[in-house]
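Student: Could you walk me through this structure, chain by chain, and then through the place where the chains meet?

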Amino acid sequence: MARLTDFDDIGRDYYQSMAMPSFATLRWAPAKPVHQSRIAMISTAGLQRRGDRPFAVDSADYRLLPGDVRAADLVMSHISTNFDRTGFQEDHNVVFPIDRLNELAADGVIGSVASIHYSFMGATPPAKLEATARALAGLLKQDRVDAVLLVPV
Amino acid sequence: MGALGHYLESEGLPTAGFSLIRLHTEKIRPPRALWVPFELGRPLGVPNDAAFQTRVLKALLATLAEPAGPVLADYPEEAPSGGTGDMSGMACPIILDRPAAAEETLEASVLREIRQLQPWYDLARERRQRTTFGSAGLDIEGVAGFLARWLDPSPPVSPRPDQSPEAMLKLAAEDLKAFYFEAMAGQPQPMTGRAAADWFWGETSAARLFAALRERCIAEIDPDRQFIGHNLLVPREQWTRFGITERWWRAPGTT
């Protein structure tokens with residue numbers, strides 16, 4: 001139900017008024033066939049391991065989500081109050097589909113799953129994330145990642 | 001989220017991302033995106049439905065095979081409604097928002113609700129083998145007490161040296177909601193996310209505490225506290241219930 005028509009006047013006005021960054025040119029990195037690709041996920045749900053530093057307003061850093069992180073150790077410190085959390089409380093895969101990704105690797109649909117995934121807090125203005133995101137690209141390459149799935153909340 | 005795609009692709013990494021608000025994705029024009037028609041907070045659509053989640057994930061992966069972009073595909077399958085969409089006919093095992101005495105304070109009302117909800121929270125936690133409560137590092141009574149102290153003339157000191165009082169306010173607020181929502185999930189009949197939200201915001205003293213905290217923070221001079229009051233305590237979709245009509249994101253004089 002994330003169509004603009006699904007929100008009331010307040011919500012619709014908010015989302016229609018939000019300033020968005022613009023990118024004059026499209027940067028396009030060619031992708032390998034998926035069945036040969038090592039896949040990582042980057043969440044912007046403010047996910048963290050229990051005991052890790054919570055996200056705060058304008059947090060521009062990330063938290064590490066090891067591929068073998070236990071569901072019981074996953075918590076969320078996104079600052080927004082404007083999205084449903086009951087789905088995540090019921091099943092972490094509805095926000096961070098690590099079990100589904102591992103199944104796709106076992107079935108040969110994708111090549112493999114990265115050893116570490118990453119989480120940002122999506123309410124931070126995108127421009128503040130740029131430097132960190134560019135540095136993160138190097139870490140992902142070190143993990144031999146071929147493609148990244150971006151999973152907002 | 002779409003901006004991250006631009007940044008990573010310019011470093012040579014292909015990306016594919018979910019789009020939640022299609023209008024925003026149309027403006028940002030990330031390299032590859034899949035718009036999904038799901039409730040915010042559920043990018044894979046449905047909890048505990050592996051087959052559904054796998055279909056969504058495969059559709060996102062499929063955008064990586066596109067030869068040129070920007071790609072903005074639409075996921076065609078709606079999430080099944082699942083669970084009851086309202087509270088009508090639901091046997092709520094707890095009686096909330098009924099003061100034991102007329103002089104009961106808001107804090108006492110919340111603590112009374114917590115006592116009623118505790119067995120349901122415990123059951124849900126045992127069944128799920130996990131909880132999302134605990135980011136603030138306080139027990140549930142400590143969470144309620146800390147939030148209530150924000151209604152005092154002077155805001156409380158942070159009980160954690162690594163967190164400011166404002167950061168703790170936000171963490172405690174989310175913990176209190178997590179406790180309530182997880183407790184409701186312990187009941188036999190599941191609710192949609194929206195129905196659970198309507199129950200919390202319409203029926204509980206905890207919601208009245210949040211509305212009071214919102215007013216308290218907005219009245220502060222400190223811009224960080226004002227920001228928390230405007231943005232981070234009462235969700236926009238519940239504003240009408242509390243008579244909130246402001247549009248702080250619009251400049252004065254505009255409509």
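Tutor: What follows is a conversation about the two chains, their contact and the core. This is a predicted model, in which local features need pLDDT of at least 70 and side-chain atom pairs count only at pLDDT 80 or more, while totals for chains, interfaces and linings use all residues. Residues are numbered from 1 along each chain as its sequence is written, and chains are lettered from A and ligands numbered from 1 in the order in which they are written.

Student: How many helices and strands does chain A have?

Tutor: Chain A has four helices and seven strands, where helices (H or I, at least four residues) and strands (E, at least two) are DSSP runs numbered from the N terminus. Their order along the sequence is α-β-β-β-β-α-α-β-β-α-β.

Student: And what is the radius of gyration of chain A?

Tutor: The radius of gyration of chain A is 16 Å, which agrees with the value near 15 Å for a compact globule of 153 residues; the radius is taken over C-alpha atoms, and the globule rule is 2.2 Å times the number of residues to the power 0.38. The C-alpha trace of chain A spans about 45 × 40 × 30 Å along its principal axes.

Student: How much of chain A is buried?

Tutor: Of its 153 residues, 46% count as buried, meaning that 20 or more other C-beta atoms lie within 10 Å of the residue's own (12 or fewer is exposed, in between is partly exposed, and C-beta atoms are placed from the backbone).

Student: Where does β7(A) sit, then, and which strand of chain A does β7(A) pair with?

Tutor: Five of the five residues of β7(A) are buried, so this strand is largely enclosed by the rest of the structure. A147(A), L149(A) and V151(A) point one way, V148(A) and L150(A) point the other way, and all of them are buried. Strand β1 (residues 38-43) of chain A runs parallel to β7(A) and is joined to it by five bridges, with I39(A) opposite A147(A); two strands count as paired if DSSP finds at least two bridges between them.

Student: Which strand of chain B does β7(A) meet?

Tutor: Three bridges join β7(A), residues 147-151, to β1(B), and these two strands run parallel. V148(A) stands opposite T15(B), and L150(A) stands opposite G17(B).

Student: Changing topic, what is chain B made of?

Tutor: Chain B has nine helices and three strands, in the order α-β-α-β-α-β-α-α-α-α-α-α. Its domain assignment, which is automatic or taken from a database, gives domain 1 (2-74) and domain 2 (106-242), whose C-alpha centres lie 32 Å apart. Of the 255 residues in chain B, 44% are buried.

Student: How many residues does each chain bring to the contact?

Tutor: Chain B brings 73 residues and chain A brings 73 residues, where two residues are in contact if their C-beta atoms, placed from the backbone, lie within 7 Å. On the chain B side, the elements that each supply at least two residues include α1 (2-10), β1 (15-19), α6 (165-185) and α7 (193-203), and the largest share, eight residues, comes from α1(B).

Student: What kinds of residue are on that side of chain B?

Tutor: The side of chain B that touches chain A divides into 41 nonpolar, 18 polar and 14 charged residues. Here Ala, Val, Leu, Ile, Met, Phe, Trp, Tyr, Cys and Pro count as nonpolar, Asp, Glu, Lys and Arg as charged, and the others, Gly among them, as polar.

Student: Which residues have the most contacts inside the largest nonpolar core?

Tutor: They are V148(A), L147(B) and A172(B), in a core of 111 residues; such a core is a set of buried Ala, Val, Leu, Ile, Met, Phe, Trp, Tyr and Cys residues joined through C-beta atoms within 7 Å. Helix α6(B) gives the most to this core, with 14 residues. Domain 1 and domain 2 of chain B both give residues to the core, so it lies between them. Leaving out residues up to four places away in sequence, L147(B) touches A172(B), A173(B), L176(B), L209(B) and L213(B).

Student: Is F181(B) buried or exposed?

Tutor: F181(B), which lies in helix α6 of chain B, is buried, with 24 other C-beta atoms within 10 Å. Neighbours within four places in sequence aside, F181(B) is in contact with R85(A), T86(A), Q89(A), A196(B) and F200(B).
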